[in-house]
Amino acid sequence: SRWQMWRPWTGFCVMAYIAALYYRARGLEVVGLAGEAVENLNLAMRMFGPCGELGDAMDDNIWRLTPLDIEVNLMRLRGRWENGRPPFSHEERPDGWTSHRSFQDTFPSKARLAQAY
């Protein structure tokens with residue numbers, strides 16, 4: 001029956017698994033395995049759904065974690081592109097994506113003024 005097929009998954013908690021992936025990733029980073037940490041964080045983000053719809057259901061009072069924590073750590077672990085901006089955390093760019101130059105490259109004199117203050 002249909003119920004028998006899903007019975008092994010009745011006790012599975014998606015939020016607990018996502019939290020476990022996040023905290024595991026933090027531990028992997030501490031021991032120098034940043035690549036594996038990124039893989040864990042990517043899986044955690046994918047588990048929120050293609051549009052992140054499950055992210056709103058994650059209660060930070062229970063898990064001490066929000067989807068933003070995962071996003072920020074993904075961006076931090078990936079470092080920065082050549083232009084100094086963080087890379088996309090979902091490893092995707094829309095079709096026709098155009099990289100823009102930095103404020104300093106576009107407006108050098110205004111950037112010098114801003115740095116003077």
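1. A quick word on terms to start: buried means under 20% relative accessible area, exposed means over 50%, and partly exposed is in between (1.4 Å probe, protein chains only). By that yardstick, phenylalanine 12 counts as partly exposed because its relative accessibility is 37%.

2. Keep in mind that this is a predicted model, where local features need pLDDT of at least 70, side-chain atom pairs count only at pLDDT 80 or more, and totals for chains, interfaces and linings use all residues. Residues are numbered from 1 along each chain as its sequence is written, and side-chain values use heavy atoms, with hydrogens and water left out.

3. On the fold: you're looking at seven helices and zero strands (DSSP runs numbered from the N terminus; helices are H or I of at least four residues, strands E of at least two). Of the 117 residues, 24% count as buried.

4. Now the largest nonpolar core (buried Ala, Val, Leu, Ile, Met, Phe, Trp, Tyr and Cys residues joined through side-chain atoms within 4.5 Å). It has 18 residues, and Ile18, Leu41, Phe48, Met58, Leu65, Ile70 and Leu74 touch the most other members. Helices H2 (14-30), H3 (34-47) and H5 (67-78) each give two or more residues to this core, with the largest share, seven residues, coming from H2.

5. Have a look at methionine 58. Setting aside neighbours within four places in sequence, Met58 is in contact with Met15, Ile18, Ala19, Phe48, Trp63 and Leu65 (contact means heavy atoms within 4.5 Å).

6. Back to phenylalanine 12, which sits in the loop between helix H1 (2-6) and H2.
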